[in-house]
Amino acid sequence: MAIPIHNRWSLNGMTALVTGGSGGIGLAVVEELAKQGAKVHTCARNEARLEECIRNFEAKGFQVSGSICDVAQRAEREKLVETVSTKFNGVLNILVNNVGTCISKRTEECTAEDYATTMSTNLESGYHFSQLAYPLLKNSGSGNIIFMSSVAGVVSIDGASLYGTTKGAMNQLAKNLACEWGKDNIRVNSVAPWFIRTPLTNRAVDNMEGFLETVERITPLGRVGEPEEVSSVVAFLCMPVASYITGQTICIDGGFTVKGF
């Protein structure tokens, strides 16, 4: 079916669920989707922080709501999608699996608890949310799933074997779902950022002398990325103008993954 030209660069009338939208890249994604016209529901574990974000979005005139949810818990994931289904009348256009955690250790130092926490938060949550959201995305007639991956799922990053494993699996999951659910007009893609400036990464930089300078030196564009440089790609992939893009992993990395040595 042909898409009206005036709608190709818009998310007007669409509904979206973004996990972990109270800070960092997730916050930028929520704002970008809402700015482009989508109605967005997000979640976070910190109730006070979530409520503050919702108030800020409402002050800007955006249609954003939120729920408390620990995405590592299966029952809470199910409750969140039930809430979204009720709120959006069983129709969801966009699912952004954004929540993630990173335990930076050498492989031999990772514990069973590290493994379980990273897998449940990063990979299991995205897999399960996609399962739960499938009927809602199918009902929309034009569904999109975005996995917030990482360059660590594309190339080797020191101290990130566990984190990279979950992100690499995420990229493969996007390929599988793109093929499996393409018949339902559901597109599935991964975005893989490199070092992005957020409150969390700023704290990490403060604890590692010379780290920021190293990142800038090995990145062809010579700088770190900003959250808005990720959120804009996410929004684009969800727009009708990107209607023939699916199953892809798009690195948002200032050229880092293609530089070589």
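This passage describes how three helices pack together in a predicted model and which residues build its nonpolar cores.

The model is predicted, with local features taken at pLDDT of at least 70, side-chain atom pairs counted only at pLDDT 80 or more, and totals for chains, interfaces and linings using all residues. Residues are numbered from 1 along each chain as its sequence is written, and side-chain values use heavy atoms, leaving out hydrogens and water.

A good place to start is the pair formed by α4 and helix α5 (residues 161-181), whose axes come within 9 Å and cross at roughly 15°. Axes here are lines fitted to C-alpha atoms, for helices over the stretch in contact, with angles running from 0 to 180 degrees between N-to-C directions. Helices are DSSP runs (H or I, at least four residues), as are strands (E, at least two), numbered from the N terminus. The two helices α4 and α5 are therefore roughly parallel to each other, a term for angles under 35 degrees.

Helix α3 (residues 74-87) also approaches helix α4 (residues 112-140): their axes come within 10 Å and cross at roughly 35°. Contact means heavy atoms within 4.5 Å; on the α3 side the residues include Leu-80 and Val-81, which meet a set in α4 that includes Phe-129 and Leu-132.

Turning to the interior, the largest nonpolar core has 33 residues, and Leu-11, Leu-33, Val-40 and Val-191 have the most contacts inside it. Such a core is a set of buried (under 20% relative accessible area, 1.4 Å probe, protein chains only) Ala, Val, Leu, Ile, Met, Phe, Trp, Tyr and Cys residues joined through side-chain atoms within 4.5 Å. Its largest share, six residues, comes from α8.

Conventions: Buried means under 20% relative accessible area, exposed over 50%, partly exposed in between (1.4 Å probe, protein chains only). Angles under 35 degrees count as roughly parallel, over 145 as roughly antiparallel, 65 to 115 as roughly perpendicular and the rest as oblique.
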